[in-house]
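Biologist: Please give me a close look at one part of this model, namely its largest pocket. What lines the largest pocket, and which parts of the chain supply that lining?

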Amino acid sequence: MGKIAFLFPGQGSQVVGMAKDAADHDARARAVIEAADERLGFPLSALMFNGPQEELTLTYNAQPALLTASIALLELVKAAGLSADYVAGHSLGEYTALVAAAAMSFADAVYAVRRRGELMNEAVPAGEGTMAAVLGMDAAALEAVTSEITAQGDPVAPANFNCPGQIVISGSKAGVEKAGQLAKERGAKRVIPLEVSGPFHSVLMKPAAEQLNAVLAGLTIRDAAIPVIANVTAEPVTKKEDIADLLVRQLYSPVRWEQSVRTLLALGVDTFVEIGPGNVLSGLVKKIDRNVRVYAVNDLASLEAAVAALKGE
């Protein structure tokens, strides 16, 4: 049998009611969510379970909420006897992966991503930066477009290499708009503006990265018990000093998701289990290699289905 990787979603997967059925039915999931409320000093659980969605989507709420929901579900996955050979997470999800790999405590991670969200929000005032998904254009052609617009004085660059034909660009509002227009003129199929509050994974996040470095320095980071595929390098990482450095760089560097999945495939992974709200990463994995097995665990029913399929071998 091949190897298993657990994947953890990033911003955009948040939804009101996430992990509620897990918390209602299982003390382990409930304990995770209560621990988040306690560490943050406010009822994050109320926002997760009841919304409103607009407030849940604010970057400094969405980040701790997604981490908490994913770890609550991970507790049930572990209780069912499933374990991973590797872990990876998309952007914010990398922190969830580090908790799964015992490199960070849950309490430290939930505090770190709350601060990360606040710092990202402060780095570029809302409305000054944005992101857009560019469909149907290869990376080299898109990088030529973004370099051209940046050279004209409006910073923009690729931010997420998600899967073949889907690359997200990030930067100043004018930069993203101009690059989107030029990309369409040069053959991109579609350009879709994203509902985000800032230009994540771009150089505009460097001021936030310096402050994040100070936040992480105050927390305990350990060597990872299982390899984590880092967003910045798309390579396995286990050493604590590398982990901290990569988390800081991740804030202003592109998320190499497609390459991360290809790294996992090369390491012998043939089964991917996405743990957390939504199924965005499952869809991306299927676009990268449709022959692998992919399961999305986002509630109790999908957990039971995944466990039955994986244990039935």
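Modeller: Since the request concerns one pocket, a brief contrast with the second largest pocket is a useful start. In that second pocket the largest share of the lining, six residues, comes from α9; β3, α9 (173–185) and β6 (190–193) each give at least two residues. Its volume is about 170 Å³, and its lining divides into five nonpolar, three polar and three charged residues. Among the lining residues are Thr-130, Met-131, Lys-173, Glu-177 and Pro-193.

The model is a predicted one, and its largest pocket has a volume of about 750 Å³. Of the 32 residues that line the largest pocket, Gln-11, Gly-12, Asn-160, Leu-194 and Val-196 are the closest to its centre. The lining of the largest pocket takes at least two residues from each of α7, β3 (129–135), β4 (156–163), β5 (166–172) and α13 (280–288). Helix α13 provides the largest share, five residues. By character, the lining of the largest pocket comprises 14 nonpolar, 15 polar and three charged residues.

The domain assignment adds a further view. Domain 1 (3–123 + 204–312) and domain 2 (134–196) each contribute at least three residues to the lining of the largest pocket.

Helix α7, one of the contributors to the largest pocket, also meets another helix: the buried residues of α11 pack against α7 (106–123), as well as against α6 (93–100), α10 (206–217) and β8 (236–237). Those buried residues of α11 (residues 240–250) are Ile-243, Leu-246, Leu-247, Val-248 and Gln-250.

Definitions and conventions. Residues are numbered from 1 along each chain as its sequence is written. This is a predicted model: local features need pLDDT of at least 70, side-chain atom pairs count only at pLDDT 80 or more; totals for chains, interfaces and linings use all residues. Side-chain values use heavy atoms; hydrogens and water are left out. Buried means under 20% relative accessible area, exposed over 50%, partly exposed in between (1.4 Å probe, protein chains only). Helices (H or I, at least four residues) and strands (E, at least two) are DSSP runs, numbered from the N terminus. Contact means heavy atoms within 4.5 Å. On a 1 Å grid over the protein atoms alone, a cavity is a set of points where a 1.4 Å probe fits but cannot get out, and a pocket is an open set with protein on both sides within 12 Å along at least five of seven lines; lining residues have an atom within 4 Å of a point. Grid points are joined across faces, edges and corners, and a volume is the space filled by probe spheres set on the points. Ala, Val, Leu, Ile, Met, Phe, Trp, Tyr, Cys and Pro count as nonpolar, Asp, Glu, Lys and Arg as charged, and the others, Gly among them, as polar. Domain bounds come from an automatic or database domain assignment.
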